[in-house]
Amino acid sequence: MRISNEEYSEMINKTAPKSPIVKDCIFAFLFGGGICAFGEVLRTMFLNMGASEDNAKTYVCLTLIAITAILTGIGVFDKIAKIAGAGTIVPITGFANSVVAPAMEFQTEGRIMGTGANMFKLSGPVIVYGCSAAVIYGVIAYLFKLY
């Protein structure tokens, strides 16, 4: 028995669970906004402790990455991400999770072929294309004196 692509798509649409898009968007907004608001609280705290603006921004990134890595390591971040959805992916926390989670998952295969080889599977393309885009922007800015 052969079925057409249209019939197959219709069957999938009937059996697939409906995604609560509005609820997912609200949770993503609240959690993502909460992470960003927490970052602003951290920035203010670091500024009040005497850090310069540039250093305070760096400390915020490092703090959020460290908190995410710890929460991923103890298995809490994934539970939060199931509720928050894209709200945890978009900020820097998603990047930290995408490095730590594969590193933990493949650690049983050894430090080199497990952790080392698989750590950047998710985040590697972001690093490569992000750095490439930065270089291209830098060259354009230099050529046109945009800075």
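**Helix packing around the largest pocket**

Hi everyone, let me start with the largest pocket, which has a volume of about 160 Å³. Keep in mind that this is a predicted model.

So, which residues line the largest pocket? Going along the chain, they are Phe 31, Ile 35, Phe 38, Leu 64, Ile 67, Thr 68, Leu 71, Phe 77, Ile 80, Thr 88 and Thr 93. By class, that lining splits into eight nonpolar residues, three polar ones and no charged ones. Three elements supply two or more lining residues each: helix H2 (21-48), H3 and helix H4 (76-84). Which of them gives the most? That is H3, with four residues.

Now for the helices themselves. Two packed helices are described by the angle between their axes and the distance between those axes, and I'll go through three pairs that way.

Let's take H3 and H4 to begin with. Their axes are 5 Å apart and the packing angle is about 100°, which means H3 is roughly perpendicular to H4. On the H3 side you'll find Thr 68, Leu 71 and Thr 72, and they meet Val 76, Phe 77 and Ile 80 of H4. That contact comprises four nonpolar residues, two polar and no charged. If some names sound familiar, Thr 68, Leu 71, Phe 77 and Ile 80 are also among the residues lining the largest pocket.

Next, H2 against H4. Here the axes are 8 Å apart, at an angle of about 130°, so H2 is oblique to H4. Phe 27, Ala 28 and Phe 31 of H2 touch Ile 80, Ile 83 and Ala 84 of H4. How many polar residues does this contact have? It has none, and no charged ones either; the contact of H2 with H4 has six nonpolar residues. Phe 31 and Ile 80 also appear in the pocket lining.

Finally, back to H3, this time with H6. The axes of helix H3 (residues 53-73) and helix H6 (residues 92-105) come within 8 Å and cross at roughly 40°, so H3 is oblique to H6. The crossing is right-handed. From H3, the contact uses Cys 61, Leu 64, Ile 65, Thr 68, Ala 69, Thr 72 and Gly 73. From H6, the partners are Ile 92, Thr 93, Ala 96, Asn 97, Val 100, Ala 101 and Met 104. In class terms, we have nine nonpolar residues, five polar and no charged.

One residue to look for on your screens is Thr 68: it lines the largest pocket, meets H4 and takes part in the contact with H6. Thanks for listening!

Conventions. Residues are numbered from 1 along each chain as its sequence is written. This is a predicted model: local features need pLDDT of at least 70, side-chain atom pairs count only at pLDDT 80 or more; totals for chains, interfaces and linings use all residues. Side-chain values use heavy atoms; hydrogens and water are left out. Axes are lines fitted to C-alpha atoms, for helices over the stretch in contact, and angles run from 0 to 180 degrees between N-to-C directions. Angles under 35 degrees count as roughly parallel, over 145 as roughly antiparallel, 65 to 115 as roughly perpendicular and the rest as oblique. A crossing is left-handed if the near helix is turned anticlockwise from the far one by less than a right angle, and right-handed if clockwise. Contact means heavy atoms within 4.5 Å. Ala, Val, Leu, Ile, Met, Phe, Trp, Tyr, Cys and Pro count as nonpolar, Asp, Glu, Lys and Arg as charged, and the others, Gly among them, as polar. On a 1 Å grid over the protein atoms alone, a cavity is a set of points where a 1.4 Å probe fits but cannot get out, and a pocket is an open set with protein on both sides within 12 Å along at least five of seven lines; lining residues have an atom within 4 Å of a point. Grid points are joined across faces, edges and corners, and a volume is the space filled by probe spheres set on the points.
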